[in-house]
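Okay, thanks for coming, everyone. I'd like to walk you through a small tour of one structure, so have a look at the picture and then we'll take it piece by piece.

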Amino acid sequence: MKPGIHPNYHTVNVVMTDGSQFTTRSCYGKEGDTLRLDVDPKSHPAWTGVQRMMDTGGQVAKFNKKFAGLGNRTKG
């Protein structure tokens, strides 16, 4: 490998959504940092088959407020 062009590859701790942890190697952060996952195979609908709405930062509420009247027709 060419020296000086590759990112630092080190161990990090990964915390899943259910609180379980494991250690892996990554370019994320610094040696020993913790990566907390918002979505993982235990909670993502693609793997679980269960659809649930996650509202991070009120984005879903903002969307619903913006498009609340869309599709409602009044006879006139």
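Before I describe the sheet, one bit of vocabulary: two strands pair if DSSP finds at least two bridges between them. Also keep in mind that what you're looking at is a predicted model.

Let's begin with the overall layout. The protein has two helices and three strands, and if you read along the sequence, the pattern goes β-β-β-α-α. How much of the protein is buried? Of its 76 residues, 11% count as buried.

Now, the sheet. In what order do the three strands sit? The order is β2-β1-β3, in an open sheet with mixed pairing. Which strands stand at the edges? Those are β2, residues 21-26, and β3, residues 34-36. Each of the two has a single partner strand, so one side of each is left without a neighbour in the sheet. From one strand to the next, the twist averages 35°.

A quick reminder on sheets in general: strands pair through backbone hydrogen bonds, and the pairing can be parallel or antiparallel. Here you get to see both kinds, so to speak: β1 and β2 run antiparallel, while β1 and β3 pair in the parallel sense.

Take the antiparallel pair to begin with. Six bridges join β1 to β2. If you want to find the register on your screen, look for H10, which stands opposite S26 in β2. Further along, V12 has T24 as its bridge partner in β2. These two strands make a hairpin, with five residues between the strands. In that hairpin, G19 takes a positive phi near 100°.

While we're in β2, have a look at F22, which is found in this strand. Is F22 buried, exposed or partly exposed? Its relative accessible area is 39%, and since the partly exposed class runs between 20% and 50%, F22 counts as partly exposed. F22 and V12 are ten residues apart along the chain, and their C-alpha atoms are separated by 8.6 Å.

Over to the parallel pair. Strand β1 covers residues 10-15, and three bridges hold the pairing with β3. In β3, the bridge partner of N13 is T34, and V15 stands opposite R36.

Next, a spot in the loop between β2 and β3, where you'll find C27. C27 is partly exposed, at 41% relative accessibility. What is C27's distance from Y9? They are 18 residues apart in sequence, but C-alpha to C-alpha it's 4.8 Å in space. Then there's H6, in the segment before β1. H6 and C27 are 21 residues apart in sequence and 9.5 Å apart in space, again C-alpha to C-alpha. H6 also counts as partly exposed, with 44% relative accessibility.

Last stop, the far end of the chain. Helix α2 covers residues 59-66, and F67 is found in the segment after it. How many aromatic pairs are there? The count comes to one aromatic pair. It's F63 with F67: the ring centres are 4.9 Å apart and the planes are at 50°, so the pair is tilted. To spell that out, planes under 30 degrees apart would count as stacked and over 60 as edge-to-face, so an angle in between lands in the tilted class.

And those two rings aren't hidden away from the outside. F63 is partly exposed at 49% relative accessibility, and F67 is partly exposed too, with 36%. Which residues form the nonpolar patch on the surface? F63, F67 and L70 do, and together they have about 340 Å² of accessible area.

So, to wrap up: look for the open sheet in the order β2-β1-β3, then the F63 and F67 pair with its tilted rings, and then the surface patch where L70 joins them. Happy to take questions.

How values were computed. Residues are numbered from 1 along each chain as its sequence is written. This is a predicted model: local features need pLDDT of at least 70, side-chain atom pairs count only at pLDDT 80 or more; totals for chains, interfaces and linings use all residues. Side-chain values use heavy atoms; hydrogens and water are left out. Rings of Phe, Tyr and Trp (its six-membered ring) pair if their centres lie within 6.5 Å; planes under 30 degrees apart count as stacked, over 60 as edge-to-face and the rest as tilted. Buried means under 20% relative accessible area, exposed over 50%, partly exposed in between (1.4 Å probe, protein chains only). Helices (H or I, at least four residues) and strands (E, at least two) are DSSP runs, numbered from the N terminus. Axes are lines fitted to C-alpha atoms, for helices over the stretch in contact, and angles run from 0 to 180 degrees between N-to-C directions. Patches are made of residues with over 30% relative accessible area and no salt bridge: like charges are joined within 9 Å, nonpolar side chains (Val, Leu, Ile, Met, Phe, Trp, Tyr) within 5 Å. Accessible areas come from the Shrake-Rupley method with a 1.4 Å probe; for residues, only the protein chains shown count as cover. A salt bridge is a side-chain nitrogen of Lys or Arg within 4 Å of a carboxyl oxygen of Asp or Glu.
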